[in-house]
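These notebook entries record what I looked up in the structure shown below. I begin with a pair of helices and then turn to the core and one residue.

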Amino acid sequence: FGARHVESARTLRCLGMALAAEKKTAEAIAILEQALSIFENHFGKHHLQVAKTLRHLAVASQSSASCYLRRAIEILTRELGASHPWTSEAHDLRAKRRRLAEEKVGESEATGETDKMQR
């Protein structure tokens, strides 16, 4: 098929998902971004394969999850509608990521207060 073929992108996406499951985050993100680039070049920036890959990037990435999910939700909403299960799943994932981020902020604030009290 070749390195820039859509089938290669599907294989890369699967590899990226496996790397993410193994907690090899940097490798997973690099591979998933490569797959994303191929899908965008082949299908355009607003295709369901692009949205699917963005969702996997959001799962793999802590720091950029919100950005990836926002793009995925935009594509899914336009292509499938707001009530489609895939769109709902992406919204749920985004909400879960927000809650986790808020919990981390709360934990770090609590740790900071404890550190101050111990000084």
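Entry 1. In this predicted model, I found that the axes of helix 2 (residues 25-43) and helix 3 (residues 48-60) come within 9 Å and cross at roughly 165 degrees. Helix 2 is therefore roughly antiparallel to helix 3 (angles over 145 degrees count as such). Axes are lines fitted to C-alpha atoms over the stretch in contact, with angles from 0 to 180 degrees between N-to-C directions; helices are DSSP runs (H or I) of at least four residues, numbered from the N terminus.

I noted the source conventions: residues are numbered from 1 along each chain, and side-chain values use heavy atoms, without hydrogens and water. Local features need pLDDT of at least 70 and side-chain atom pairs 80 or more, while totals for chains, interfaces and linings use all residues.

Entry 2. I listed the contacts (heavy atoms within 4.5 Å) between the two helices: among them, Leu32, Leu36 and Phe39 in helix 2 and Val50, Leu54 and Leu57 in helix 3 take part. Leu57 is in contact with Ile29, Leu32, Glu33, Leu36 and Tyr68, leaving aside neighbours within four places in sequence.

Entry 3. I looked up the largest nonpolar core (buried Ala, Val, Leu, Ile, Met, Phe, Trp, Tyr and Cys joined through side-chain atoms within 4.5 Å). It has 28 residues, and Phe39, Val50, Leu54, Leu57, Ala60 and Tyr68 touch the most other members. Helix 2 gives the largest share, 8 residues.

Entry 4. Is Thr87, in helix 5, buried or exposed? Thr87 counts as buried because its relative accessibility is 0% (buried means under 20% relative accessible area, exposed over 50%, partly exposed in between, with a 1.4 Å probe and protein chains only).

Note on methods
Angles under 35 degrees count as roughly parallel, over 145 as roughly antiparallel, 65 to 115 as roughly perpendicular and the rest as oblique.
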